[in-house]
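Biologist: Could you walk me through this model? I'm new to this, so please explain the terms as we go.

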Amino acid sequence: MVRPPQAGHDMPAADERQLISRARTGSHEAFRILVERHMKHAYNVAFSFVGNHDDAADVAQDAFVRAYGALPSFREEAGFGTWLHRIVMNLAMNRAKRNRARSAREVDTAEGAHAAEGPHGDDIRAHIERALHELPTLQRAVVILRTMDGLSTRQVSDILRCSEGTVKTHLFRGLKKMRAKLEFLQEDAR
Amino acid sequence: MSRHVRSLLCAYAAGELGEDDARRCAEHCAQCASCSGDLREIREALEVLAPPAVSPSEERDEEFWRAFAAGVEERLPAPRRRPIFAGIAAGIGTFIQANSRPLLAGSGVLALGALAAALLLRPVPPAGTITPPVAAATDTASVKLHDYLRKSKVLLIGVENARAEGGDPVDLSLERRQSRALVREARFLKGQPLDARSARLVGELEKIMIQLANSDKRHDAGGVEIVRSGIRQNNLLFKIRMTESVLDAGTAERNAP
């Protein structure tokens, strides 16, 4: 399970605050340290939304570049990791949406070809991704962040800027929908 | 029957509840068909959505992470530098404030004005002039050349050493992106006053970076091989090291007391 670095998601540690402040004044060196601390987590988060290494690397790099540009507006109410997580998630969701729109025709064709064989191996991952992308945006984000990224309800509520109650409700509804959409996978496995 | 426990079911299914809440859920679900049905569905969904045993980042090696961090740094905007005019104006302002006597202040203004004029009117070498490495080491182009050579060297070594594992195609997507950035840097450097050796090397590197940038995504093993043989045939890594040594020697000579 992908676990976020603790320093990143709690309030920023003193040395992290110092790095952020140096990076704000233009220190690439300080920002590089922040990148090295958070890059693997950012990559995993991006991957959980986009589902492939190329896009995950692109999205995670873009997120850092944007974060650097937006540092003056970072108010440190949440940790740097939480703030970065939000940027990664937004970029990754946009990328996933674009990818889906581009490859919709290919997916339909592939599905037709696999229908007779039943879902196996990588197909299962594709079905899960497809089902996830059919969820409403907030539900999708909550389901991915809670179940695939392993974040706590509080962390997800910080990232999505909503109450913990809202996170719980969306998770409940999202999981029920996912189960309905993927019921055939369970039946196939039995 | 106790109150429904829907808001707790997800945490209960994931084993995240405290002892009291977990017992309350278990007791309620034992007698409520609706909540126990929801619990079963949530457990099934969680089973399907279980995160992978190995996180995606663990599938990447250290070289990838070094290149990742370097790639981010490369894309950051350069730190903003204070314009020379602003510095001069600020200097004049400070001087006037610090010197209340008008005559002294006036002479100070003149002196600072003369300094500004000297800076602005200093001779600039014409475009295309070949500057020796020692002199080149003093200007921005030399710093950029140093940086360009370092990044090119890392990238080419990475391409040379990238090997497919377990029958998968070599994934050089990151290297391709970096090569595109290096093509841009090479074009900038070609407009700068470089010594002949450096100018030639930048030209050769630009060609190989263009080849790498244009090789098809992921599956083009042939394209990658052409790039590798280009690196070897042109002896690029050796030439980079030689040019770096010459530049370093120039810098050391300049900095010697």
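Modeller: Sure, and we start with pLDDT, which is the predictor's confidence in each residue, from 0 to 100. This is a predicted model, where local features need pLDDT of at least 70, side-chain atom pairs count only at pLDDT 80 or more, and totals for chains, interfaces and linings use all residues. Residues are numbered from 1 along each chain as its sequence is written, while chains are lettered from A and ligands numbered from 1 in the order in which they are written.

Biologist: What is the mean pLDDT of chain A?
Modeller: In chain A, 80% of the residues reach 70 or more. The mean for chain A is 81.

Biologist: Which element of chain A has the lowest mean pLDDT?
Modeller: Helices (H or I, at least four residues) and strands (E, at least two) are DSSP runs, numbered from the N terminus. Helix 4 of chain A has the highest mean, 94. Where pLDDT is low, the predicted coordinates should not be read in detail. The lowest mean, 43, belongs to helix 1 (residues 6-9) of chain A.

Biologist: How many helices and strands are there in chain A?
Modeller: Reading from the N terminus, the elements of chain A go α-α-α-α-α-α-α-α-α-α. That gives 10 helices and 0 strands.

Biologist: What share of chain A counts as buried?
Modeller: A residue is buried if 20 or more other C-beta atoms lie within 10 Å of its own, exposed if 12 or fewer, and partly exposed in between, with C-beta atoms placed from the backbone. Chain A has 190 residues. Of these, the buried share is 43%.

Biologist: Why does B:Ala26 count as partly exposed?
Modeller: B:Ala26 sits in helix 2 (residues 19-31) of chain B. It counts as partly exposed because its C-beta neighbours inside 10 Å number 14.

Biologist: Which residues of helix 1 of chain B are buried?
Modeller: This helix is mostly covered, with 7 of its 8 residues buried. Its cover includes helix 9 (164-181) of chain A together with helix 2 and helix 3 of chain B. The buried ones are B:Arg6, B:Leu8, B:Leu9, B:Cys10, B:Ala11, B:Tyr12 and B:Ala13.

Biologist: How many residues does the contact take from each chain?
Modeller: Two residues are in contact if their C-beta atoms, placed from the backbone, lie within 7 Å. The contact takes 29 residues from chain B and 35 residues from chain A.

Biologist: Which helices of chain B each supply at least two residues of the side that touches chain A?
Modeller: Both chains contribute, with 35 residues from chain A and 29 from chain B. On the chain B side, the helices are helix 1 (6-13), helix 3 (33-48), helix 4 and helix 9.

Biologist: Which helix gives the most to the largest nonpolar core?
Modeller: A nonpolar core is a set of buried Ala, Val, Leu, Ile, Met, Phe, Trp, Tyr and Cys residues joined through C-beta atoms within 7 Å. The largest has 69 residues, and those with the most contacts inside it include A:Ala46 and B:Leu9. With 11 residues, the top giver is helix 3 (residues 28-50) of chain A.

Biologist: What is A:Ala46 in contact with, leaving aside its neighbours within four places in sequence?
Modeller: A:Ala46 is among the residues with the most contacts inside the largest core. Its partners are A:Ala56, A:Val59, A:Ala60, A:Val88 and A:Ala92.
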